[in-house]
Amino acid sequence: MFRFLLVRIASAIPVLFVLSVVTFAIIQAPPGDYSDYVRSQLINQGGASFEKADAQAQAYKIAHGLDKSLPLQYVNWITGIVTRGDFGHSLFYNKPVADVVGERLPRTLALALVCHILASVIGITFGVLAATRQYSWVDSVLSGISFLGMTVPRFLMALIIVYILVFHFNVTEINSFHSARYGGAPWSWGKFVDLVKHVWPVIAIATLGGLAYNMRVMRGNLLDTLNAQYVETARAKGLSERTVIMRHAVPNALHPLVMYQGVVLPYMLTGEIETAIIFALPTVGPAIVGSMWIGDVYVTATFMLVLSVTLIVGNIIADMLLAALDPRVRLGGGTAA
């Protein structure tokens, strides 16, 4: 198993390198950079003439290395990450990118993990219920929920919830994690409840999409597994239907869902990002959009690199879980274990 892990990590390094190059190039592809934002701010808010604003913008561009070629900017950025753990300096926030990421990423990961756990538990449970009650009203209702979760855009659900909260329930504090009275207060049960009141739409929307997929996959696989020969043999031995389902059918039907864990964390992150943008929560989503809008390239590139890392790590974890669950998984002709 340890050799299996080392090989997967080694194979992930060139993938991560290629992703970082592609990401950096795509981010830099649109014309303009942060110096253009500096120029517009000096003109619109500082009242400077175009000539003076342009001169200061050009000076800012040279001082921060934005005048260098794209390959050289990438080399400087990736070298700083590898050698010093330095992800660059945020031009907009005027502090290290690592600090910007450190402020927003833990909140995003926490929300994504909560959504993932809820989506997995609820989705698998719904899938088992639907498969064991095929064509019943339970199956129809749960299939309808799954259909809505997979077809309705998450940003649309977020907009509908915002409209209801603001115009029907007069909720005003939807763009923060806490109410004003809990802003600097120590953690307590009241503060936790207040947090839940603010983040439940994000969790509900991201969870709905995840549980829809889990339910559909679990239902389809379990229906196939229930018709397998070894399941019929278990029934013939006199085992109860509950034992047959939970001990023999369900574990084997879980294999595709285990592999799905390789992409589920980035999926949950994107679900959180879409919803957080609508609710303007201080998480990764608004930071990515804002940094792309003003040309704060190192913030955008670092966040995209982090999302790439979550995808790679998720796939490695999925491979490890599948190797532990199924001894038939092989690597290079030898068993993973």
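These legends go with a set of close-up views of a predicted model.

**View 1. The whole chain, before zooming in.**
The chain runs to 337 residues, and buried ones make up 41% of them. Counting secondary structure gives 13 helices and four strands. If you want a box for the C-alpha atoms, roughly 85 × 60 × 40 Å along the principal axes will do. Among contacts with a separation of 6 or more, 72% come from residues 24 or more positions apart. About 18100 Å² of the chain is exposed, with carbon and sulfur atoms supplying 67% of that area. On the charge side, there are 23 positive and 19 negative side chains, and the centres of these two sets sit 9 Å apart.

**View 2. A nonpolar patch on the surface, with Leu156 as one of its members.**
Eight names to pick out here: Phe155, Leu156, Leu159, Ile160, Tyr163, Ile164, Phe167 and Phe169. Together they put about 820 Å² of accessible area on the surface. Leu156 belongs to helix α7, which covers residues 154-167. Is Leu156 buried, exposed or partly exposed? Its relative accessible area is 36%, so Leu156 falls in the partly exposed class, because that class lies between the 20% and 50% cut-offs.

**View 3. Asp36 and Arg39, a salt bridge inside helix α2.**
The two side chains meet with N to O at 2.7 Å. Both residues sit in helix α2 (residues 34-44), three residues apart, which is about one turn of the helix. The partners are not equally covered: Asp36 is partly exposed at 31% relative accessibility, while Arg39 is buried at 13%. Arg39 gets its buried label because the cut-off is under 20%.

**View 4. Asp139 and Arg219, a salt bridge between two helices.**
Here the side chains of Asp139 and Arg219 come together at 2.8 Å, N to O. Asp139 is in helix α6 (residues 137-151) and Arg219 is in helix α8, so the bridge ties together parts 80 residues apart in sequence. How accessible is Asp139? Asp139 comes out at 5% relative accessibility and counts as buried.

**View 5. Arg235 and Glu241, and a network elsewhere.**
Arg235 pairs with Glu241 in a salt bridge, with 2.9 Å between the closest N and O atoms. Both ends are partly exposed, Arg235 at 27% relative accessible area and Glu241 at 38% relative accessibility. Salt bridges that share partners also join Asp36, Arg39 and Asp54 into one network. For the overall tally, the structure holds eight salt bridges.

**View 6. Val217 and Lys197, two residues of helix α8.**
Helix α8 spans residues 189-226 and includes Lys197. Val217 has its place in helix α8 too. Lys197 is exposed, with a relative accessible area of 57%, whereas Val217 is buried at 17%. Which residues does Val217 touch, leaving out those up to four places away in sequence? Pro256 and Leu257 are the ones. For a sense of distance, the C-alpha atoms of Val217 and Leu113 are 20 Å apart, with their positions 104 residues apart along the chain. From Lys197 to Arg39 the C-alpha separation is 41 Å, and these two are 158 residues apart along the chain.

**View 7. Tyr135 and Ala280, two non-glycine residues with positive phi.**
A pair of backbone spots to check on your Ramachandran plot. Tyr135 has a phi of about 70 degrees, positive although the residue is not a glycine. Where is Tyr135 found? Look in the loop between α5 (97-132) and α6. Tyr135 is exposed, at 70% relative accessibility. Ala280 likewise is not a glycine, yet has a positive phi of about 55 degrees. Ala280 lies in the loop between α11 (255-279) and α12 (284-294). With 42% relative accessibility, Ala280 counts as partly exposed.

Key. Residues numbered from 1 in each chain as written. Heavy atoms only, no water. Patch = residues over 30% accessible without salt bridge, like charges linked within 9 Å, V, L, I, M, F, W, Y side chains within 5 Å. Areas by Shrake-Rupley, 256 points an atom, 1.4 Å probe, with all protein chains shown as cover. Salt bridge = Lys/Arg side-chain N within 4 Å of Asp/Glu carboxyl O. Buried < 20%, exposed > 50% of the residue type's maximum accessible area, 1.4 Å probe, protein only. Contact = heavy atoms within 4.5 Å. Lys, Arg positive; Asp, Glu negative; His and termini not counted. Charge placed at Lys NZ, Arg CZ, Asp CG, Glu CD.
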